Amino acid sequence: MRLTKLWQNRSPGDRHLSTYFCFAAVRLLLVFVPQLGYVHPDEFFQSVEVMTGDHFRLEHTRTWEFNNSLPVRSIVLPFALLRIPWSFYEFIAECVRAGWKLELLGTYTYVVFPRLIYTLISFSNDYCLYRICRLYGLRFEIRLLAMGSSWILLVFGTRTFSNSLEMAMCSWLLCLVSECMLRTNTVVYKKEFLEEKYDKAESISERVRIWKLKNSLPPHNLQHLMAMSTICVAGVFNRPTFLLFGAPMVFFWLLRGMGTRTITFRDFNLRIVLFCLCSLPALIFFIFCDSLYYQHLTLGELHMMHLSIDNFVFTPWNFIKANLDSAQTASHGVHPCYVHLMVNMPMLFNVLALAALGAFAQLLLRFFRAEYQVLPRFQSIVSLMSGAIFVPLFFLSLINHQEPRFLLPVTFPLILLHAPKLITGFSAKYPFQKDHPLLRSFYDRLLSSKASGPYLLKIWYVSNVVLTLFFGFIHQAGVYPLAADISHVMATKPAATHVHLITSHIYSVPLHLINIPSSRVLHFNRQTHQRYRRPRDFYMYEYGGLSLDSLMQKVKLISGNCEVKRSGPSHLRYKLYLAIPASLSADLHEALVQSNASSYLNFELLNVFYPHLSTEAFPRLLGRHPCDVDAPHWAHDDLRGTCAVEQPPALSFAYLNKQFSSFVHQLGLALYEIDVKRKKPRSVSVRLSGCSAIKGFHFPQFLICLALCIAAAQAGYLASPVATYAAAPYAATYAAAAPVAYSAPVTTYAAAAPAYSTYSTYAAAAPAYSTYAAAAPAYTASVYGAPAYTAPVATYAAGAAYAAPITTYSAPAIVSPFLKKK
């Protein structure tokens, strides 16, 4: 009872601190769940994809930013944060595998382990916030609560973004600058006070005592110089935009104490020179490591001292040159200059963004009205945090490509300044000199502390929970389960089988999550102690937001190419998959029918990964899909009546329930397996009884028939390659058989050609395979243009009897239902 009473009577600050620790535990727990949401491809492709692929020799994608000729990304921080920890983890995994026969390396590990490292780094933001609050005597409970409950820390802080590292380094830099400013102000104030006392002292002994006190003051002029310069260099090599965030912080560090009698311009210039000199060791280290990694500098050249300026790589300069190219930035998206201010700030910080923008507008208004006495002092913590927010916001708005994650370093100063407004409401100071009735009414009802105080914290909680669920568990959330499923397919597939994965309307799939050994490097066999190279057996085709009609053409090209290889000398087997949002299932069926591919391509639904939302393919709110489409993931729901053709919509609970079910089922990522339908050749057996053959035997007729059979067999043997490319989906059956096997069926059809003439109607009604020749100029040039195939074409042109059976197999009349679940 006593503990319960103490818990109920605890102070509001203790309640906020307890809630913060709960959110901190949730942040750590979300790493191990893990969050399936996929915020942006840079989460993987700027660090984890390359580092994990290089370390474990896995198939991975090296984006243009890691091009050896003009590299844009520095490798030092990803190497230190991922490659080195991976080495320790790999050693532990080897011990566990040898001792307990457990495998600790897999898709789950490749996702969780890097996120755990970045999550631990994100807690440095909390520590810096707490340290500044303790130094300046500020309330840290509500500020820590705002930091811990923000979806920025719950989502971005647990992801492997370079922006997350940038936010942590900006927090450390702000903490060091704030501490230096406080110490300088304190020391300078004490020093000037003692100097005044020294001048007024009458006795020598008193002056000696004051002189000793003055000399005992701690140094402040060059405090944290080495740490700050190293952080600035690392921040610039991590993301060159750190220049915009770090410049106002370094400027306040250089300017501290200016305007007093003890700090002059000589100290200002000395700080600049020493800051540049202290940054040289880190600068040389980063350039040297990048030059070695990107092979601009080799150990042999270093040993022989054959060095030139071309041997060194300065990745921040390459980054700036690439982003100064408007065409390069336009390829990633062009945004108006107001997107950061009007869209990204409210989305990231919601009510705190409005509070920050309102406070900054109030400061500008008072500045232009010459009300300088009410403005904060320039060398104060408020001015430092305001400059850390709005200086980079202004310059980043001048860049035509703007994403919300670019503003992550603004989180720390914004929360430090405006988080208390979540419980106190907006400021009670009226920001206008002249009282207007309309503005006064608006302020009293919405902006006053009594009106806004009870609701701001609730709005903060609700908005951050919603954004955490959306970006952490729904947005592109099917990509990770898809990679895990394909990883299982690759581990269990038969030998000498290629796997082809086509994706559309989703983000890029990180290849290292599929856990495929690389085919570009040499592997070491520990049993035979030999090096070997694995053949490539996985192919991925990513088509982004390509229209479904064009996507079907790509599918036909890829399947045709696979069939050609299957019917070739190697008889290479394959598996073809298509991953597409479930909201496009009906459109996929329509595109399949319109492309005349439904007669020879079969789409079989293997799995639907829930939840998944692609902003490139939003679900249909009303869910009125075509009546003849029975999508497999809706097969168990009674969706009759949701189609406008069957029944007009009626506002009832049953109708709304069906619409809601249809909407929910569209929030998934569908994985289809694409098969090519093949017909087995008809076998015609001719029985000859011994007696009748002997009785009706005529030697001239026998020689004529034997000559015809030999000629037909030779013609069929020569024409078999043409049949393979003319009807690729069905030719694999013929290509697998021996050439003699073709002679008997061909002669049979040649002899009975009139009986099969009725099937010529299929050739006119189904131009399905003509699309291969029209849509595949690559195959036409390399196969049909070869001289070896001219003779079989002439053979078919001479024999009219073969036209009917070939057209019979080129267009089957059977159309199976679309999307039947296995």
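L28 sits in helix α2. The model shown here is predicted. With a relative accessibility of 33%, L28 counts as partly exposed. L28 also belongs to a nonpolar patch on the surface, together with F32, Y108 and L120. The patch covers about 370 Å². Which helices supply at least two residues each to this patch? They are α2, spanning 12-32, and α6, spanning 107-136.

## Aromatic rings

A pair of aromatic rings is described by two things: the distance of the centres and the angle of the planes. In this structure the count of aromatic pairs comes to 29. One of them joins F56 and W86. Their ring centres are 5.0 Å apart, and the planes meet at 85°. That geometry is edge-to-face, because an angle over 60 degrees counts as such. F56 belongs to helix α4 (residues 48-56) and W86 to helix α5 (residues 76-100), so this pair ties together parts that are 30 residues apart in sequence. Are these two residues buried or exposed? Both F56 and W86 are buried.

Now take Y127 and W172. Their rings form a tilted pair, with 6.0 Å between the centres and 45° between the planes. Y127 lies in helix α6, while W172 lies in helix α9 (residues 162-200), so the contact ties together parts 45 residues apart in sequence. Y127 is partly exposed, at a relative accessible area of 40%. W172 is partly exposed too, at 33%.

F56 and W86 also take part in a cluster. Ring pairs link them with Y89, Y110 and F113.

Rings can also face a charge. The charged end of R27 sits over the ring of F123, at 4.3 Å from the ring centre. R207 lies over the face of Y198, and here the distance to the ring centre is 5.2 Å.

## Cysteines without a bond

A disulfide is a covalent bond between the sulfur atoms of two cysteines. How many disulfides does the structure hold? The number is zero. Look at C175. The closest cysteine sulfur to its own is that of C128, at 4.5 Å, which is too far for a bond. The cut-off for a disulfide is 2.5 Å between the sulfur atoms. C175 is buried, with a relative accessible area of 1%. C180 is in no disulfide either, and its nearest cysteine sulfur, in C175, is 9.5 Å away. C180 counts as buried, at 0% relative accessibility.

## Salt bridges

The whole structure contains 15 salt bridges. The table gives some of them, with the distance between nitrogen and oxygen.

| Salt bridge | N to O distance |
|---|---|
| E94 and R97 | 2.9 Å |
| R97 and E103 | 2.9 Å |
| D537 and K493 | 3.2 Å |

Start with E94 and R97. Both lie in helix α5, three residues apart, or about one turn of the helix. E94 is partly exposed, at a relative accessible area of 28%. R97 is partly exposed at 25%. R97 also meets the side chain of E103 in a salt bridge. E103 counts as partly exposed, with 47% relative accessibility.

What does the bridge between D537 and K493 tie together? D537 is in the loop between β3 (530-532) and β4 (538-542). K493 is in the loop between α24 (479-492) and β1 (497-503). The pair therefore ties together parts that are 44 residues apart in sequence. D537 is buried, and K493 is buried as well.

Salt bridges also form a network. One such network links D42, E403 and R405.

Notes
Residues numbered from 1 in each chain as written. Predicted model: local features only at pLDDT ≥ 70, side-chain atom pairs only at ≥ 80, totals over all residues. Heavy atoms only, no water. Patch = residues over 30% accessible without salt bridge, like charges linked within 9 Å, V, L, I, M, F, W, Y side chains within 5 Å. Areas by Shrake-Rupley, 256 points an atom, 1.4 Å probe, with all protein chains shown as cover. Salt bridge = Lys/Arg side-chain N within 4 Å of Asp/Glu carboxyl O. Helix = DSSP H or I, 4+ residues; strand = E, 2+ residues; numbered from the N terminus. Buried < 20%, exposed > 50% of the residue type's maximum accessible area, 1.4 Å probe, protein only. Phe/Tyr/Trp six-rings, centres within 6.5 Å; stacked < 30°, edge-to-face > 60°. Lys NZ or Arg CZ within 6 Å of the ring centre and 35° of its normal.
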